[in-house]
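Welcome! Please take a look at the structure below, and then we will walk through two parts of it together.

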Amino acid sequence: MRSSTKKINGQPDVFALPRYDEIALVLQGGGALGSYQAGVYEGLAEAGVQPNWIAGVSIGALNTAIIAGNAPENRVEALRGFWNSICHPLDWVGGLGAWMPPGFGAQDLSRKWASLWAAGRALTEGQPGFFSPRSPLPMAGFGKQNPNLVSYYDTAALKETLLKFADFDRINDGDIRVSVGAVNVRTGNLVYFDNTKMRLEPEHFMASGALPPGFPAVEIDGEYYWDGGLVSNTPLTEVLRDADHKDTLVFQVDLWSARGNAPGDFLDVSERAKDIQYSSRTRAITSMLADRQKHARFVKELLAHVPSDLRRTDPLFRLAEEAADGSAINVVHLIYKNKPYEGHYKDYEFSVDTMHEHWESGLEDIRDSFAHREWFDVPSREQGFVTHDVHRRPGSVPQSDRDMPELPLGAERKVAA
(Lines give C-alpha, C1' and ligand atoms only; values in the text may rest on other atoms or scores of the structure.)
Protein backbone atom coordinates (compact mmCIF):
# COMPACT_ATOMS: atom_id res chain seq x y z
CA MET A 1 0.00 0.00 0.00
CA ARG A 2 1.40 3.37 -1.02
CA SER A 3 1.10 6.05 1.62
CA SER A 4 0.72 9.65 0.53
CA THR A 5 1.58 11.12 3.90
CA LYS A 6 5.13 11.86 4.89
CA LYS A 7 6.18 10.05 8.06
CA ILE A 8 7.81 11.99 10.88
CA ASN A 9 9.02 9.85 13.82
CA GLY A 10 6.74 7.11 12.57
CA GLN A 11 3.67 9.38 12.52
CA PRO A 12 1.91 10.72 9.39
CA ASP A 13 2.51 14.36 8.55
CA VAL A 14 -0.61 16.52 8.87
CA PHE A 15 -1.97 17.49 5.47
CA ALA A 16 -2.17 21.30 5.23
CA LEU A 17 -5.33 22.04 3.26
CA PRO A 18 -5.84 25.44 1.66
CA ARG A 19 -8.60 27.55 3.16
CA TYR A 20 -12.10 26.30 2.41
CA ASP A 21 -15.37 27.67 3.76
CA GLU A 22 -16.80 24.16 3.88
CA ILE A 23 -15.24 20.69 4.03
CA ALA A 24 -17.94 18.09 3.45
CA LEU A 25 -17.85 14.32 3.63
CA VAL A 26 -20.61 12.76 1.51
CA LEU A 27 -21.37 9.07 2.17
CA GLN A 28 -23.45 7.00 -0.22
CA GLY A 29 -25.53 3.94 0.67
CA GLY A 30 -24.31 0.42 -0.05
CA GLY A 31 -24.80 -1.92 2.90
CA ALA A 32 -21.79 -4.10 3.67
CA LEU A 33 -19.65 -2.06 1.26
CA GLY A 34 -19.82 0.79 3.79
CA SER A 35 -16.60 -0.27 5.52
CA TYR A 36 -14.85 1.26 2.49
CA GLN A 37 -16.09 4.63 3.79
CA ALA A 38 -14.63 3.85 7.22
CA GLY A 39 -11.25 3.30 5.57
CA VAL A 40 -11.55 6.62 3.75
CA TYR A 41 -12.31 8.35 7.04
CA GLU A 42 -9.28 6.73 8.69
CA GLY A 43 -7.14 8.25 5.92
CA LEU A 44 -8.72 11.67 6.47
CA ALA A 45 -8.05 11.46 10.20
CA GLU A 46 -4.50 10.25 9.54
CA ALA A 47 -3.89 13.37 7.44
CA GLY A 48 -5.51 15.66 10.01
CA VAL A 49 -8.44 16.55 7.73
CA GLN A 50 -11.70 16.99 9.67
CA PRO A 51 -14.94 17.67 7.78
CA ASN A 52 -17.33 20.21 9.24
CA TRP A 53 -20.34 18.70 7.45
CA ILE A 54 -21.16 15.02 6.98
CA ALA A 55 -24.11 13.97 4.84
CA GLY A 56 -25.09 10.33 4.54
CA VAL A 57 -27.70 7.94 3.20
CA SER A 58 -28.36 4.36 4.37
CA ILE A 59 -25.10 2.74 5.57
CA GLY A 60 -23.52 6.15 4.96
CA ALA A 61 -25.91 7.56 7.57
CA LEU A 62 -24.81 4.92 10.10
CA ASN A 63 -21.14 5.76 9.48
CA THR A 64 -22.09 9.43 9.85
CA ALA A 65 -23.55 8.75 13.31
CA ILE A 66 -20.38 6.99 14.47
CA ILE A 67 -18.05 9.72 13.16
CA ALA A 68 -20.06 12.71 14.40
CA GLY A 69 -20.90 10.94 17.66
CA ASN A 70 -17.31 10.65 18.87
CA ALA A 71 -14.42 12.95 19.69
CA PRO A 72 -11.93 13.26 16.79
CA GLU A 73 -9.30 11.12 18.50
CA ASN A 74 -11.82 8.29 19.07
CA ARG A 75 -13.62 8.17 15.73
CA VAL A 76 -11.53 5.55 13.93
CA GLU A 77 -11.61 3.27 16.96
CA ALA A 78 -15.40 3.70 17.22
CA LEU A 79 -15.85 2.91 13.52
CA ARG A 80 -13.72 -0.20 13.91
CA GLY A 81 -15.74 -1.27 16.95
CA PHE A 82 -19.03 -0.72 15.11
CA TRP A 83 -17.99 -2.71 12.04
CA ASN A 84 -16.44 -5.53 14.02
CA SER A 85 -19.62 -5.82 16.07
CA ILE A 86 -22.00 -6.18 13.09
CA CYS A 87 -19.83 -8.54 10.99
CA HIS A 88 -19.59 -12.33 11.21
CA PRO A 89 -16.19 -14.03 11.35
CA LEU A 90 -15.85 -16.92 8.88
CA ASP A 91 -17.28 -20.16 10.25
CA TRP A 92 -15.66 -23.54 9.51
CA VAL A 93 -17.68 -24.03 6.29
CA GLY A 94 -16.72 -20.70 4.78
CA GLY A 95 -13.14 -21.15 5.98
CA LEU A 96 -12.91 -24.61 4.46
CA GLY A 97 -14.18 -23.36 1.11
CA ALA A 98 -11.65 -20.55 1.16
CA TRP A 99 -8.78 -22.95 1.97
CA MET A 100 -9.31 -25.83 -0.45
CA PRO A 101 -9.55 -24.43 -4.02
CA PRO A 102 -6.33 -22.32 -3.97
CA GLY A 103 -4.37 -25.54 -3.98
CA PHE A 104 -5.72 -26.06 -7.49
CA GLY A 105 -4.86 -22.55 -8.65
CA ALA A 106 -8.34 -21.08 -8.22
CA GLN A 107 -7.81 -18.22 -5.75
CA ASP A 108 -10.76 -16.16 -6.99
CA LEU A 109 -13.03 -19.20 -6.91
CA SER A 110 -12.12 -19.93 -3.29
CA ARG A 111 -12.70 -16.31 -2.25
CA LYS A 112 -15.98 -16.25 -4.14
CA TRP A 113 -17.15 -19.35 -2.28
CA ALA A 114 -16.34 -17.86 1.11
CA SER A 115 -18.05 -14.60 0.16
CA LEU A 116 -21.16 -16.35 -1.14
CA TRP A 117 -21.39 -18.45 2.03
CA ALA A 118 -21.11 -15.35 4.23
CA ALA A 119 -23.88 -13.63 2.25
CA GLY A 120 -26.07 -16.70 2.70
CA ARG A 121 -25.51 -16.53 6.45
CA ALA A 122 -26.63 -12.89 6.44
CA LEU A 123 -29.87 -13.87 4.71
CA THR A 124 -30.64 -16.75 7.05
CA GLU A 125 -29.14 -15.57 10.35
CA GLY A 126 -29.06 -11.78 10.06
CA GLN A 127 -26.16 -9.77 11.48
CA PRO A 128 -25.35 -9.35 15.19
CA GLY A 129 -26.32 -5.96 16.56
CA PHE A 130 -27.94 -5.01 13.24
CA PHE A 131 -30.84 -7.13 11.98
CA SER A 132 -32.40 -10.53 12.61
CA PRO A 133 -34.96 -12.61 10.67
CA ARG A 134 -38.52 -11.73 11.61
CA SER A 135 -40.53 -14.69 12.87
CA PRO A 136 -43.28 -15.19 12.06
CA LEU A 137 -43.31 -13.20 8.84
CA PRO A 138 -46.34 -10.98 8.18
CA MET A 139 -48.74 -12.83 5.89
CA ALA A 140 -50.35 -11.11 2.92
CA GLY A 141 -54.14 -11.17 2.80
CA PHE A 142 -54.64 -11.49 6.55
CA GLY A 143 -55.38 -7.87 7.39
CA LYS A 144 -53.23 -4.76 7.52
CA GLN A 145 -50.37 -4.51 10.00
CA ASN A 146 -48.32 -1.69 11.42
CA PRO A 147 -45.81 -0.56 8.73
CA ASN A 148 -42.90 -1.03 11.13
CA LEU A 149 -43.71 -4.76 11.28
CA VAL A 150 -43.94 -5.43 7.54
CA SER A 151 -40.43 -6.59 6.65
CA TYR A 152 -38.30 -9.70 6.41
CA TYR A 153 -35.97 -8.55 9.21
CA ASP A 154 -36.23 -6.79 12.55
CA THR A 155 -33.72 -3.95 13.08
CA ALA A 156 -34.44 -3.27 16.77
CA ALA A 157 -30.90 -4.32 17.72
CA LEU A 158 -29.45 -1.52 15.58
CA LYS A 159 -30.69 1.15 17.98
CA GLU A 160 -28.69 -0.32 20.86
CA THR A 161 -25.61 -0.62 18.63
CA LEU A 162 -25.85 3.03 17.63
CA LEU A 163 -26.24 4.10 21.25
CA LYS A 164 -23.20 2.01 22.15
CA PHE A 165 -20.88 3.53 19.55
CA ALA A 166 -22.25 7.09 19.15
CA ASP A 167 -22.90 9.88 21.64
CA PHE A 168 -26.07 11.59 20.43
CA ASP A 169 -25.49 14.62 22.62
CA ARG A 170 -22.24 15.14 20.72
CA ILE A 171 -24.04 14.62 17.38
CA ASN A 172 -26.53 17.35 18.25
CA ASP A 173 -24.29 19.76 20.14
CA GLY A 174 -20.93 19.20 18.46
CA ASP A 175 -19.22 21.21 15.74
CA ILE A 176 -20.10 18.92 12.80
CA ARG A 177 -23.21 19.57 10.75
CA VAL A 178 -25.02 16.26 10.16
CA SER A 179 -27.59 15.53 7.43
CA VAL A 180 -29.09 12.11 6.71
CA GLY A 181 -31.61 11.36 3.97
CA ALA A 182 -34.79 9.29 4.20
CA VAL A 183 -37.99 8.94 2.15
CA ASN A 184 -41.40 9.76 3.58
CA VAL A 185 -43.44 6.62 2.81
CA ARG A 186 -46.72 8.52 2.56
CA THR A 187 -45.58 11.36 0.28
CA GLY A 188 -42.66 9.70 -1.50
CA ASN A 189 -40.54 12.80 -0.84
CA LEU A 190 -36.86 12.67 0.09
CA VAL A 191 -36.21 14.60 3.28
CA TYR A 192 -33.01 15.35 5.18
CA PHE A 193 -32.88 15.17 8.94
CA ASP A 194 -30.36 17.86 9.90
CA ASN A 195 -28.93 18.65 13.34
CA THR A 196 -29.04 22.38 12.54
CA LYS A 197 -32.84 22.12 12.32
CA MET A 198 -33.84 19.39 14.77
CA ARG A 199 -32.51 17.11 17.44
CA LEU A 200 -31.37 13.82 15.92
CA GLU A 201 -32.04 10.47 17.57
CA PRO A 202 -31.09 6.90 16.57
CA GLU A 203 -34.40 6.56 14.71
CA HIS A 204 -33.39 9.23 12.18
CA PHE A 205 -30.31 7.25 11.18
CA MET A 206 -32.22 3.95 11.21
CA ALA A 207 -34.85 5.49 8.93
CA SER A 208 -32.18 6.48 6.44
CA GLY A 209 -31.15 2.82 6.20
CA ALA A 210 -34.61 1.21 6.26
CA LEU A 211 -34.49 -0.42 2.82
CA PRO A 212 -37.73 -2.29 2.06
CA PRO A 213 -38.84 -5.02 2.01
CA GLY A 214 -35.86 -6.26 4.03
CA PHE A 215 -36.04 -3.61 6.74
CA PRO A 216 -39.16 -2.05 8.27
CA ALA A 217 -40.25 1.55 7.97
CA VAL A 218 -39.27 3.72 10.94
CA GLU A 219 -41.85 5.96 12.57
CA ILE A 220 -40.81 9.53 13.38
CA ASP A 221 -43.35 12.09 14.61
CA GLY A 222 -46.28 10.12 13.22
CA GLU A 223 -44.78 9.59 9.75
CA TYR A 224 -43.04 6.50 8.39
CA TYR A 225 -39.72 6.62 6.57
CA TRP A 226 -37.71 4.30 4.32
CA ASP A 227 -34.14 4.29 3.01
CA GLY A 228 -33.20 7.54 1.26
CA GLY A 229 -31.55 5.53 -1.52
CA LEU A 230 -35.00 4.80 -2.95
CA VAL A 231 -34.98 8.36 -4.32
CA SER A 232 -31.30 9.36 -4.32
CA ASN A 233 -28.47 7.22 -3.03
CA THR A 234 -26.05 10.11 -2.71
CA PRO A 235 -26.63 13.24 -0.61
CA LEU A 236 -24.36 15.38 -2.78
CA THR A 237 -27.29 17.57 -3.83
CA GLU A 238 -27.98 18.52 -0.22
CA VAL A 239 -24.42 19.78 0.20
CA LEU A 240 -24.28 21.61 -3.13
CA ARG A 241 -27.61 23.32 -2.46
CA ASP A 242 -25.87 25.21 0.34
CA ALA A 243 -22.65 25.90 -1.57
CA ASP A 244 -23.50 29.23 -3.20
CA HIS A 245 -20.74 31.81 -2.79
CA LYS A 246 -18.62 29.36 -0.80
CA ASP A 247 -15.30 27.65 -1.40
CA THR A 248 -16.29 24.05 -0.81
CA LEU A 249 -14.22 20.86 -0.72
CA VAL A 250 -16.29 17.68 -0.99
CA PHE A 251 -15.03 14.16 -0.34
CA GLN A 252 -17.65 12.15 -2.24
CA VAL A 253 -17.41 8.48 -1.22
CA ASP A 254 -19.39 6.17 -3.51
CA LEU A 255 -19.91 2.45 -3.01
CA TRP A 256 -21.22 1.63 -6.48
CA SER A 257 -19.27 2.02 -9.71
CA ALA A 258 -21.14 3.38 -12.73
CA ARG A 259 -18.73 1.70 -15.11
CA GLY A 260 -18.44 -2.07 -15.39
CA ASN A 261 -18.46 -5.10 -17.65
CA ALA A 262 -21.40 -6.38 -19.67
CA PRO A 263 -23.15 -9.16 -17.70
CA GLY A 264 -22.73 -12.77 -18.77
CA ASP A 265 -25.50 -14.43 -16.74
CA PHE A 266 -28.56 -13.54 -14.67
CA LEU A 267 -26.57 -13.05 -11.47
CA ASP A 268 -24.24 -10.66 -13.29
CA VAL A 269 -27.31 -8.79 -14.55
CA SER A 270 -28.52 -8.33 -10.97
CA GLU A 271 -25.15 -7.03 -9.81
CA ARG A 272 -24.74 -4.67 -12.77
CA ALA A 273 -28.26 -3.31 -12.35
CA LYS A 274 -27.50 -2.43 -8.72
CA ASP A 275 -24.29 -0.66 -9.72
CA ILE A 276 -26.11 1.47 -12.29
CA GLN A 277 -29.18 2.15 -10.15
CA TYR A 278 -27.31 3.29 -7.06
CA SER A 279 -24.49 5.20 -8.77
CA SER A 280 -26.51 7.13 -11.34
CA ARG A 281 -27.40 10.08 -9.11
CA THR A 282 -23.78 11.13 -8.75
CA ARG A 283 -23.48 11.44 -12.54
CA ALA A 284 -26.74 13.37 -12.78
CA ILE A 285 -25.77 15.75 -9.96
CA THR A 286 -22.36 16.43 -11.48
CA SER A 287 -24.07 17.19 -14.80
CA MET A 288 -26.43 19.58 -13.04
CA LEU A 289 -23.46 21.34 -11.45
CA ALA A 290 -21.76 21.72 -14.82
CA ASP A 291 -24.91 23.34 -16.24
CA ARG A 292 -25.25 25.67 -13.27
CA GLN A 293 -21.68 26.88 -13.52
CA LYS A 294 -21.98 27.33 -17.26
CA HIS A 295 -25.06 29.51 -16.85
CA ALA A 296 -23.36 31.57 -14.13
CA ARG A 297 -20.46 32.23 -16.48
CA PHE A 298 -22.82 33.34 -19.26
CA VAL A 299 -24.61 35.72 -16.88
CA LYS A 300 -21.30 37.19 -15.77
CA GLU A 301 -20.24 37.80 -19.39
CA LEU A 302 -23.58 39.42 -20.19
CA LEU A 303 -23.32 41.71 -17.16
CA ALA A 304 -20.03 43.01 -18.49
CA HIS A 305 -22.04 44.74 -21.23
CA VAL A 306 -24.36 46.49 -18.75
CA PRO A 307 -23.38 50.03 -17.60
CA SER A 308 -21.91 49.97 -14.09
CA ASP A 309 -24.34 52.59 -12.71
CA LEU A 310 -27.28 50.46 -13.84
CA ARG A 311 -25.79 47.37 -12.22
CA ARG A 312 -25.47 49.31 -8.95
CA THR A 313 -28.99 50.76 -8.90
CA ASP A 314 -31.21 48.10 -10.46
CA PRO A 315 -32.13 45.32 -7.96
CA LEU A 316 -32.48 42.77 -10.76
CA PHE A 317 -28.93 43.34 -11.92
CA ARG A 318 -27.66 43.12 -8.34
CA LEU A 319 -29.37 39.74 -8.00
CA ALA A 320 -27.89 38.64 -11.32
CA GLU A 321 -24.41 39.59 -10.10
CA GLU A 322 -24.90 37.50 -6.97
CA ALA A 323 -26.01 34.53 -9.07
CA ALA A 324 -23.09 34.96 -11.44
CA ASP A 325 -20.61 34.90 -8.59
CA GLY A 326 -21.33 31.18 -8.32
CA SER A 327 -19.31 28.78 -6.20
CA ALA A 328 -15.81 27.33 -6.09
CA ILE A 329 -16.36 23.60 -5.63
CA ASN A 330 -13.70 20.90 -5.53
CA VAL A 331 -15.01 17.31 -5.54
CA VAL A 332 -12.56 14.55 -4.63
CA HIS A 333 -14.36 11.41 -5.77
CA LEU A 334 -13.58 8.09 -4.10
CA ILE A 335 -15.32 5.10 -5.66
CA TYR A 336 -15.20 1.53 -4.39
CA LYS A 337 -13.90 -0.85 -7.07
CA ASN A 338 -15.44 -4.30 -7.29
CA LYS A 339 -13.33 -7.31 -6.39
CA PRO A 340 -13.18 -10.32 -8.76
CA TYR A 341 -14.83 -12.62 -6.21
CA GLU A 342 -17.85 -10.37 -5.54
CA GLY A 343 -21.32 -10.88 -6.92
CA HIS A 344 -24.82 -9.48 -6.68
CA TYR A 345 -24.75 -10.18 -2.92
CA LYS A 346 -21.81 -7.86 -2.18
CA ASP A 347 -23.98 -5.33 -0.31
CA TYR A 348 -25.11 -7.92 2.25
CA GLU A 349 -21.88 -9.90 2.58
CA PHE A 350 -20.82 -8.91 6.09
CA SER A 351 -17.91 -11.26 6.79
CA VAL A 352 -15.06 -9.80 8.85
CA ASP A 353 -12.50 -10.73 6.19
CA THR A 354 -14.36 -8.89 3.44
CA MET A 355 -15.03 -5.92 5.73
CA HIS A 356 -11.29 -5.57 6.33
CA GLU A 357 -10.61 -5.71 2.58
CA HIS A 358 -13.16 -2.96 1.92
CA TRP A 359 -11.67 -0.87 4.72
CA GLU A 360 -8.13 -1.22 3.36
CA SER A 361 -9.33 -0.28 -0.14
CA GLY A 362 -10.80 2.97 1.19
CA LEU A 363 -7.67 3.77 3.17
CA GLU A 364 -5.45 3.14 0.15
CA ASP A 365 -7.62 5.26 -2.16
CA ILE A 366 -7.62 8.31 0.11
CA ARG A 367 -3.88 8.02 0.74
CA ASP A 368 -3.27 7.86 -3.00
CA SER A 369 -5.53 10.90 -3.45
CA PHE A 370 -3.52 12.90 -0.92
CA ALA A 371 -0.39 12.09 -2.91
CA HIS A 372 -1.70 14.60 -5.49
CA ARG A 373 -1.49 17.68 -3.31
CA GLU A 374 -2.27 20.00 -6.20
CA TRP A 375 -5.75 18.47 -6.38
CA PHE A 376 -6.68 20.26 -3.18
CA ASP A 377 -6.01 23.80 -4.39
CA VAL A 378 -9.08 26.02 -4.20
CA PRO A 379 -10.48 26.39 -7.73
CA SER A 380 -11.08 29.90 -8.94
CA ARG A 381 -14.61 31.20 -9.34
CA GLU A 382 -13.83 31.36 -13.04
CA GLN A 383 -13.23 27.61 -13.06
CA GLY A 384 -16.35 27.05 -11.01
CA PHE A 385 -15.63 23.46 -10.07
CA VAL A 386 -13.13 20.66 -10.55
CA THR A 387 -13.34 16.93 -9.93
CA HIS A 388 -10.65 14.37 -9.16
CA ASP A 389 -10.69 10.59 -9.04
CA VAL A 390 -7.60 8.54 -8.24
CA HIS A 391 -8.82 5.66 -10.40
CA ARG A 392 -8.81 7.73 -13.58
CA ARG A 393 -5.75 7.50 -15.75
CA PRO A 394 -4.53 9.69 -18.64
CA GLY A 395 -6.52 8.82 -21.72
CA SER A 396 -9.40 7.25 -19.79
CA VAL A 397 -12.93 8.61 -19.79
CA PRO A 398 -14.18 9.69 -16.33
CA GLN A 399 -17.30 7.86 -15.22
CA SER A 400 -19.54 10.88 -15.52
CA ASP A 401 -18.11 12.46 -18.66
CA ARG A 402 -20.15 10.55 -21.21
CA ASP A 403 -23.34 11.74 -19.56
CA MET A 404 -22.26 15.32 -18.92
CA PRO A 405 -22.85 18.44 -21.00
CA GLU A 406 -19.92 20.49 -22.18
CA LEU A 407 -18.06 22.04 -19.27
CA PRO A 408 -18.40 25.77 -18.60
CA LEU A 409 -15.67 27.99 -19.96
CA GLY A 410 -12.65 27.77 -17.72
CA ALA A 411 -13.84 24.70 -15.80
CA GLU A 412 -11.78 21.54 -15.88
CA ARG A 413 -11.60 17.96 -14.78
CA LYS A 414 -8.29 16.54 -13.62
CA VAL A 415 -7.08 12.96 -13.58
CA ALA A 416 -4.42 11.06 -11.74
CA ALA A 417 -0.93 11.40 -13.06
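## A strand covered on both sides

Let's begin with strand S11, which has both of its faces covered. On one side, the buried residues are Asp247, Leu249, Phe251 and Val253. On the other side, Thr248, Val250, Gln252 and Asp254 are buried too. Keep in mind as you read that this is a predicted model.

How many of the eight residues of strand S11 (residues 247–254) are buried? Eight of the eight are, so the strand is largely enclosed by the rest of the structure. Here, a residue counts as buried when its relative accessible area is under 20%.

## The neighbours of S11

Which strands pair with S11? One is strand S3 (residues 22–27), which runs parallel to S11 and is joined to it by six bridges. To find this pairing on your screen, look for Glu22, which stands opposite Thr248 of S11.

Another partner is strand S12 (residues 328–335), and this pairing with S11 is also in the parallel sense, over eight bridges. A good place to spot it is Leu249, whose bridge partner in S12 is Asn330.

## Two annotated residues

Now let's move to a second part of the structure. The UniProt record, an unreviewed entry, places the feature "active site" at Ser58 and Asp227. These residues span 170 residues in sequence, yet their C-alpha atoms are no more than 5.9 Å apart, so they gather at one spot. Both Ser58 and Asp227 are included in the lining of the largest pocket.

Where does each one sit? Ser58 lies in the loop between strand S4 (53–57) and helix H2 (59–68), whereas Asp227 belongs to strand S10 (residues 223–227).

## Buried or exposed?

Is Ser58 buried or exposed? Its relative accessibility is 11%, so Ser58 counts as buried, given that the cut-off is under 20%. Asp227 is buried as well, with a relative accessible area of 4%.

## Who touches whom

What does the side chain of Asp227 make with the side chain of Ser58? The two side chains make a polar contact at 2.7 Å.

Leaving aside neighbours within four places in sequence, Ser58 is in contact with Gly29, Ser208, Gly209 and Asp227. On the same basis, the contacts of Asp227 include Val57, Ser58 and Val183. Asp227 also touches Ala207, Ser208, Gly209, Ala210 and Leu211. Try finding Ser208 and Gly209 in your view: they appear among the contacts of Ser58 and among those of Asp227.

Terms used: Residues numbered from 1 in each chain as written. Predicted model: local features only at pLDDT ≥ 70, side-chain atom pairs only at ≥ 80, totals over all residues. Heavy atoms only, no water. UniProt positions renumbered as here; feature names shortened; annotations may be inferred. 1 Å grid on protein atoms, 1.4 Å probe; cavity = no way out; pocket = protein on both sides within 12 Å on 5 of 7 lines; lining within 4 Å. Helix = DSSP H or I, 4+ residues; strand = E, 2+ residues; numbered from the N terminus. Buried < 20%, exposed > 50% of the residue type's maximum accessible area, 1.4 Å probe, protein only. Contact = heavy atoms within 4.5 Å. Polar contact = N/O pair within 3.5 Å; in protein donor to acceptor, adjacent residues only side chain to side chain. Pairing = 2+ DSSP bridges.
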